[in-house]
Amino acid sequence: MRSTNLLVAGLVAAVHSFTFVFAAEDPRITPAPSPTVDADEIARRQVAGAPGTPILSTLHYAFTDLPEQVYPFQVLRGPQFGFNRCNDTTLGPTSNCQTLIFNSPDDFCLWGSPDTNGLIGNVEAKVVAYCTKPTHGTRVIPPGAITGLQWTKTPGYIQVRGFINNPGIGLDPSDQGGELDPHGADLQGNPLGGVVYSNGTTDSDGHTLAQVFNWNTFVGGGQFCFKACYNTIDSPDYCENRYDLVGCDYNMPGNVQNGTFTECDGDVQDVVGTYTSAGQSTSQSNAFYNF
Ligand SMILES: *[C@@H]1O[C@H](CO)[C@@H](O)[C@H](O)[C@H]1NC(C)=O
Ligand SMILES: *[C@@H]1O[C@H](CO)[C@@H](O)[C@H](O)[C@H]1NC(C)=O
Ligand SMILES: *[C@@H]1O[C@H](CO)[C@@H](O)[C@H](O)[C@H]1NC(C)=O
């Protein structure tokens with residue numbers, strides 16, 4: 001769509017200058033303009049999906065077959081900051097693992113800042129995984145940082161809502177945060193090269209980590225929410241990220257409370273931006289998660 005518009009604009013411009021040249025009384029051949037376009041400008045003119053600018057959300061790998069980096073491409077904002085093959089050798093407080101695991105209420109990760117006191121607005125392209133367990137080759141969320149959560153499994157996606165102190169995921173205490181997803185204006189994702197895997201979605205047999213192609217999340221302001229959509233459901237898009245300035249309450253409704261840990265089955269929500277008065281269907285409270 002965008003390239004068609006550019007083409008039309010280009011044609012209009014060409015026709016105008018053509019007319020102008022012919023209207024001149026004594027036409028002279030002017031030298032062809034010398035190209036002044038530098039490499040940065042060429043990079044800016046590229047659009048994601050053009051040759052050499054892969055679309056992050058279309059890069060699919062078995063977990064056991066992940067390359068060191070899924071986005072090593074030196075195009076637009078690339079290559080990615082960290083890496084995707086994460087294991088015991090990469091575990092720890094300086095890990096730049098960008099593979100996020102989203103299994104269950106006591107075994108999941110969030111994107112956080114690689115720099116101390118990061119602001120999401122500054123680090124969104126290079127956020128790294130912070131996990132509740134020290135088993136995914138990532139940074140670890142400190143015990144006690146998460147003070148409440150609600151994990152909801154629906155027929156269309158798994159969603160978590162929760163409370164966390166910002167520094168638990170490298171964020172400045174004052175950062176109100178922002179939205180992250182595998183698209184972005186240039187379709188390279190935030191984080192660029194970030195991939196998500198789960199053994200809790202319907203795309204998994206319950207054990208194997210299956211890639212989650214479509215997800216979105218908000219972190220910051222002492223809260224987090226993360227939605228992992230099932231690959232088999234194309235429509236509606238429950239992970240739509242059109243309303244990325246308005247946060248968890250609007251995009252991922254739930255009734256999470258600070259100080260409680262709950263796990264529920266739920267109905268799918270209305271498509272974001274549509275509301276009825278129907279709420280979550282069933283709910284069961286478990287206060288045993290040990291973060
Ligand atoms: C462990 O991770 C490192 C760093 O990403 C990678 O080079 C290495 O191949 C991994 N090892 C295994 C067994 O996957
Ligand atoms: C899901 O994956 C995690 C680690 O990635 C593993 O510890 C857990 O046992 C798996 N769950 C099942 C039901 O296999
Ligand atoms: C949640 O509760 C914790 C511990 O009581 C508190 O420190 C934190 O400020 C609360 N978070 C929010 C967003 O109210």
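Q: In what sense do strand 1 and strand 8 pair, parallel or antiparallel, and over how many bridges?
A: This is a predicted model, and in it strand 8 covers residues 195-198. One facing pair here is Ile 101 with Tyr 197 of strand 8. Strand 1 and strand 8 run in the parallel sense, and the count is 3 bridges.

Q: How does strand 1 run relative to strand 2, and how many residues lie between them?
A: Strand 1 takes in residues 99-104 and strand 2 residues 107-112, with 2 bridges joining them. Ser 104 sits across from Asp 107 in strand 2. The two strands run antiparallel, and they make a hairpin whose gap is 2 residues.

Q: Which strands stand at the edges of the open sheet of 6 strands?
A: Pairing in this sheet is mixed, and the order reads 4-3-2-1-8-9. An edge strand here has a single partner strand, so one of its sides is left without a neighbour in the sheet. That picks out strand 4 (139-140) and strand 9 (210-211).

Q: Is strand 1 mostly covered or mostly open, and how many of its residues are buried?
A: In the sheet order, strand 1 sits between strands 2 and 8. Strand 1 has 6 residues and is mostly covered; the buried count is 5.

Q: Which strand gives the most residues to the largest nonpolar core?
A: As a general backdrop, nonpolar side chains in soluble globular proteins tend to be buried together. The largest core here holds 55 residues, and Phe 102, Cys 109 and Ala 228 touch the most other members. The top contributor to this core, with 5 residues, spans 223-229: strand 11.

Q: Which residues does Cys 109 touch, leaving aside those up to four places away in sequence?
A: Cys 109 is one of the core residues that touch the most other members. With those sequence neighbours left out, its contacts are Leu 100, Ile 101, Phe 102, Ala 129, Tyr 130, Cys 131, His 136 and Thr 138.

Q: How many nonpolar, polar and charged residues are in the shell around ligand 2?
A: Ligand 2 is surrounded by Ile 101, Asn 103, Asp 107, Asn 199, Gly 206, His 207 and Leu 209. Ile 101 also stands opposite Tyr 197 in strand 8, while Asp 107 stands opposite Ser 104. By class, the shell comes to 2 nonpolar, 4 polar and 1 charged.

Q: How do the residues of the shell around ligand 1 divide by class?
A: The neighbours of ligand 1 are Glu 68, Phe 83, Arg 85, Asn 87, Thr 89 and Thr 90. Sorted by class, they give 1 nonpolar, 3 polar and 2 charged.

Q: How many charged residues does the shell around ligand 3 have?
A: Around ligand 3 you'll find Thr 147, Phe 163, Gly 222, Gln 223 and Asn 258. The split is 1 nonpolar and 4 polar, and for charged residues the answer is none.

Q: How far apart in space are Asp 249 and Arg 161, C-alpha to C-alpha?
A: Asp 249 belongs to helix 4, residues 247-251. With 13 other C-beta atoms within 10 Å, Asp 249 counts as partly exposed. In sequence Asp 249 and Arg 161 are 88 residues apart, and in space the separation is 9.3 Å.

Notes. Residues numbered from 1 in each chain as written. Chains lettered and ligands numbered in written order. Predicted model: local features only at pLDDT ≥ 70, side-chain atom pairs only at ≥ 80, totals over all residues. Near = placed C-beta within 6 Å. Nonpolar A, V, L, I, M, F, W, Y, C, P; charged D, E, K, R; others polar. Core = buried A, V, L, I, M, F, W, Y, C linked by C-beta atoms within 7 Å. Buried ≥ 20, exposed ≤ 12 C-beta atoms within 10 Å, placed from the backbone. Helix = DSSP H or I, 4+ residues; strand = E, 2+ residues; numbered from the N terminus. Contact = placed C-beta atoms within 7 Å. Pairing = 2+ DSSP bridges.
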